Structures are given as structure tokens and as C-alpha cells.
Amino acid sequence: MAFKIDPDNCTACGACELECPNAAISEKDGMYRISAKKCTECDGDEPKCLAVCPADDSIVPV
Ligand code: SF4
Ligand code: SF4
């Protein structure tokens with residue numbers, strides 16, 4: 001399981017990239033994405049990316 005970023009809802013604020021403990025979030029050409037291989041869903045804790053994301057439905061389960 002992992003999360004992904006919906007580019008239709010992401011405002012590219014960059015907040016999530018700084019919070020991910022696994023460096024699973026990266027930016028390229030102004031678009032943010034989550035590596036499904038690196039995302040552990042924060043190992044059962046509240047997902048840190050979701051906690052800081054200001055955009056509704058921007059980070060969603062894969
Ligand atoms: S759920 Fe956790 S591990 Fe996965 S992208 Fe978000 S902050 Fe990173
Ligand atoms: S915190 Fe949310 S709106 Fe900001 S870059 Fe990440 S997914 Fe996009």
C-alpha cells in the first residue's frame with residue numbers, strides 16, 4: 001500500500017516533500033509525486049504528508 005498525489009488537486013506547495021520520513025516525495029518540473037516503492041504509509045502512524053497537505057483530495061491511496 002502507498003499513497004499517490006492527484007495532480008488535478010495538488011497545488012504544488014511542496015509542504016509534503018519536507019515532511020516525508022522516507023524521502024518518498026519528489027518534485028520534477030513543478031509536479032510532485034510519491035514513490036510507491038518508498039512510501040510505507042508512515043508505518044501505521046498518521047501519514048505525515050496528509051497531515052500537512054492543504055489541498056483536499058490531493059493525496060489519495062493508490
Ligand atoms: S504516507 Fe508517509 S511515507 Fe508515504 S509519502 Fe506520505 S509521508 Fe511519505
Ligand atoms: S502538500 Fe499537498 S498540495 Fe502541497 S505539494 Fe504535497 S500533495 Fe501537493
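Helices and strands here are DSSP runs, of at least four residues for a helix and at least two for a strand, numbered from the N terminus. The exercises below use a predicted model.

**Exercise 1. Overall fold**

Determine how many helices and strands the protein has, and in what pattern they follow along the sequence.

Solution. Step one is the count: the protein has two helices and four strands. Step two is the order, which reads β-α-β-β-α-β along the sequence. Step three concerns compactness. The radius of gyration is 10 Å, close to the 11 Å that the globule rule gives for 62 residues, so the protein is as compact as a globular protein of that length. Along the principal axes, the C-alpha atoms fill a box of roughly 25 × 20 × 20 Å. Step four looks at contacts with a separation of 6 or more: 65% of them join residues 24 or more positions apart. Of the 62 residues, 23% count as buried.

**Exercise 2. The hairpin of β2 and β3**

Work out in which sense β2 and β3 pair, and over how many bridges.

Solution. Start with the pairing: strand β2, residues 25-28, joins β3 in the antiparallel sense over four bridges. One partnership to locate is that of Glu 27, whose bridge partner in β3 is Tyr 32. Next, take the turn. Two residues lie between the strands, and Asp 29 has a positive phi near 55°. Last, sort the faces of β3. In a regular strand the side chains alternate between the two faces of the sheet. In β3, residues 31-34, Tyr 32 and Ile 34 form the covered face, while Met 31 and Arg 33 form the uncovered one.

**Exercise 3. The two ligand shells**

Find which residues come nearest to ligand 1, and which are closest to ligand 2.

Solution. Around ligand 1 there are 14 residues, with Cys 20, Cys 39, Cys 42, Pro 47 and Cys 49 nearest. This shell divides into nine nonpolar, two polar and three charged residues. Ligand 2 is surrounded by 14 residues, the closest being Cys 10, Cys 13, Cys 16, Cys 53 and Ala 55. Its shell holds 11 nonpolar and three polar residues, with no charged ones.

**Exercise 4. The setting of Val 52**

Explain why Val 52 is classed as partly exposed.

Solution. First place the residue: Val 52 is in helix α2, residues 48-52. Then apply the cut-offs: 20 or more other C-beta atoms within 10 Å make a residue buried, and 12 or fewer make it exposed. Val 52 has 16, and is therefore partly exposed. Finally, list its contacts. Leaving out residues up to four places away in sequence, Val 52 touches Ala 15, Cys 16 and Glu 19. The C-alpha atoms of Val 52 and Cys 16 are separated by 6.3 Å, although the two are 36 residues apart along the chain.

Notes. Residues are numbered from 1 along each chain as its sequence is written. Chains are lettered from A and ligands numbered from 1 in the order in which they are written. This is a predicted model: local features need pLDDT of at least 70, side-chain atom pairs count only at pLDDT 80 or more; totals for chains, interfaces and linings use all residues. Two strands pair if DSSP finds at least two bridges between them. A residue is near a molecule or strand if its C-beta atom, placed from the backbone, lies within 6 Å of it. Ala, Val, Leu, Ile, Met, Phe, Trp, Tyr, Cys and Pro count as nonpolar, Asp, Glu, Lys and Arg as charged, and the others, Gly among them, as polar. Two residues are in contact if their C-beta atoms, placed from the backbone, lie within 7 Å. The radius of gyration is taken over C-alpha atoms; the globule rule is 2.2 Å times the number of residues to the power 0.38.
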